[in-house]
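The following exercises concern the relation between two chains, the contact between them, and a nonpolar core. Work through each task before reading its solution.

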2 protein chains.
Amino acid sequence: MSVIGIDLGGTKLAGAVFRETGTLVDRQTRKLGGRSGEAAGAAVVEMLSDMRHRAAAAGDPAEAAGIAVPGIYAARTGRVWAPNIGGWEDYPLLGQLQAAFPYLHVRIDSDRACSILGEAWQGAAHGSRNAVFLAVGTGIGAGIMADGRVVRGFGDVAGAIGWMGLGSPFREEYRTCGAFESIAAGPGIAAEAARLAASTAGYEGVLRPGADGRVTTADVFAALEALDPVAGQVVDRAVEAWGMALANVVSLLDPEVVIFGGGVFGPAASLLDRIRAEATRWAQPISMAQVRVEASGLGADAALFGAGHLALDSLAGRSPGGS
Amino acid sequence: MSVIGIDLGGTKLAGAVFRETGTLVDRQTRKLGGRSGEAAGAAVVEMLSDMRHRAAAAGDPAEAAGIAVPGIYAARTGRVWAPNIGGWEDYPLLGQLQAAFPYLHVRIDSDRACSILGEAWQGAAHGSRNAVFLAVGTGIGAGIMADGRVVRGFGDVAGAIGWMGLGSPFREEYRTCGAFESIAAGPGIAAEAARLAASTAGYEGVLRPGADGRVTTADVFAALEALDPVAGQVVDRAVEAWGMALANVVSLLDPEVVIFGGGVFGPAASLLDRIRAEATRWAQPISMAQVRVEASGLGADAALFGAGHLALDSLAGRSPGGS
């Protein structure tokens, strides 16, 4: 028996076939190519159909599929809000998949929920029932697992940790995406580096405004390696924010493990010791002493594995012994 | 059928008999009288025994009991850490109660867990499955319910929200009880008022250091009513901290309702509109727009009702349909 996981991102689709044991036996990636609305839904149907045929042809038919979506999944309605896919303000993905695959078990969840499910299944939180995935990329979100279940909240919006307030005064730039995200997501780090490089008298480092005026997060981490003072200052500020947010998650939820993932971790993974040290100043000491702080074990595949686990979970529900 | 709830505090014991419907039909309060170690455990046994006899004499025998304890309950071992009861660093309360009442279902949990259970059963979170109780008194703690279950964490320490970091720089006074608690629990509010009254040139209000040099939290709220400027300034700072902490809980957990309780709410309940306004600046907007922010519906009885609900829950576990 096998299951299929699909990770729908804002720009591409990844699909995989998993054995029950968690072994990934087949995978594919496709560009979403700017598809929106029904065309984006059709791309999911097509990839799922192809992966099913490949699994069947390999002699291991798939009985269930899980889909990770880049936004919010409303479990009550089966609809998706995905800000980076046109026309997906309230898209009826579950209905479309059930119509296309009437005999397949299908389950959907947000990419952040899938990321913690994937890490708890086959990654850095393997076997843990109390774990948090902190996804730091162009935005910041958290997948939270408490006693083995994903925390969804009243309106399926739980995990919006990018909105965490970490210090007054309130600044105008927090209004669009939250304080923590403004300071410590990729774009915030790059913008602060550009601002500081332009305003630091006598600064002649690699982060000074070039012909195109652009600084990327990758530029900042490369400059940090080269001991650039602007990069050092910007990263100090991000480390403080990541550390305080880690502390607040640890004090509130007492997890066994917190995983830093997303595009920024990545290059920032070498900062985990400093982030832990910052968190230790703030957090409840018993919880902080026992928590493991790790980089993602699955990297960009965390949500893909989580989608596979969703599928497995949907099958467990069929049998009397399942949960 | 009835159940018994007992709320063990640092200085007193409250006990009640509840009908299944949540009606409180009998209650008692006793001073703990400085009892520690086994004597404190014996006081719980004695009160439970008395409440059982009273329920039986009233023709409504109790089949289960729940106990709220003032600290941490380790569900795996049945032991209690209660900092305000001498000798209760690791006290085997469950074992003692099971030995004394071999035929009674007994369940124990922390006061903060019981407070949210009580409010969800019969208080301001009635019927909610996603709710948070913020207890603000001499300390600050949170009881968190996600999808109908209390969030306990890996080591049963979840809810230590008093340790939430709300702004750098880190201050020495945060080291003993956390940043949020230092600023916004009762003692922190009183200490800040005393400090500010002493250091404000020309201040002649009621909060200036008296013969005994003491300022209480009650003094501060009384002075606030009288538009005292020092009280105003101190409470502004606390409102900002309560609002940011509320925002952070809302963004992370997307609850349906957040309840402010404990001794400070109480007098600070009139500030809930200001606290909500502060939180609205920081929090994830969808979650913030839908969350209810309420004062405790059960006041000082929240944990007592929650203990009663624990007892009911232990009975639900007996039958195949229970959970």
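Copies are superposed by least squares on the C-alpha atoms of residues with pLDDT of at least 70 in both. The model is predicted: local features need pLDDT of at least 70, side-chain atom pairs count only at pLDDT 80 or more, and totals for chains, interfaces and linings use all residues. Residues are numbered from 1 along each chain as its sequence is written, and side-chain values use heavy atoms, leaving out hydrogens and water.

**Exercise 1.** Determine which turn lays chain A on chain B, and which residue of chain A comes closest to the axis.

Solution. A turn of 180 degrees with a shift of 0.0 Å along the axis lays chain A on chain B at an RMSD of 0.0 Å. The two copies are thus related as by a two-fold rotation axis. In chain A, Gly167(A) comes closest to that axis, its C-alpha lying at 1.8 Å.

**Exercise 2.** Describe the contact between chain A and chain B.

Solution. With contact meaning heavy atoms within 4.5 Å, 44 residues of chain A touch 44 residues of chain B. Of the interface residues of chain A, 100% are also interface residues in chain B, so the copies meet through the same surface.

**Exercise 3.** Identify the contacts of Trp242(B) beyond its neighbours within four places in sequence.

Solution. Its partners in chain B include Val136(B), Phe180(B), Phe221(B), Phe260(B) and Ile275(B). Also among them are Ala184(B), Ile189(B) and Leu271(B).

Definitions and conventions
Chains lettered and ligands numbered in written order.
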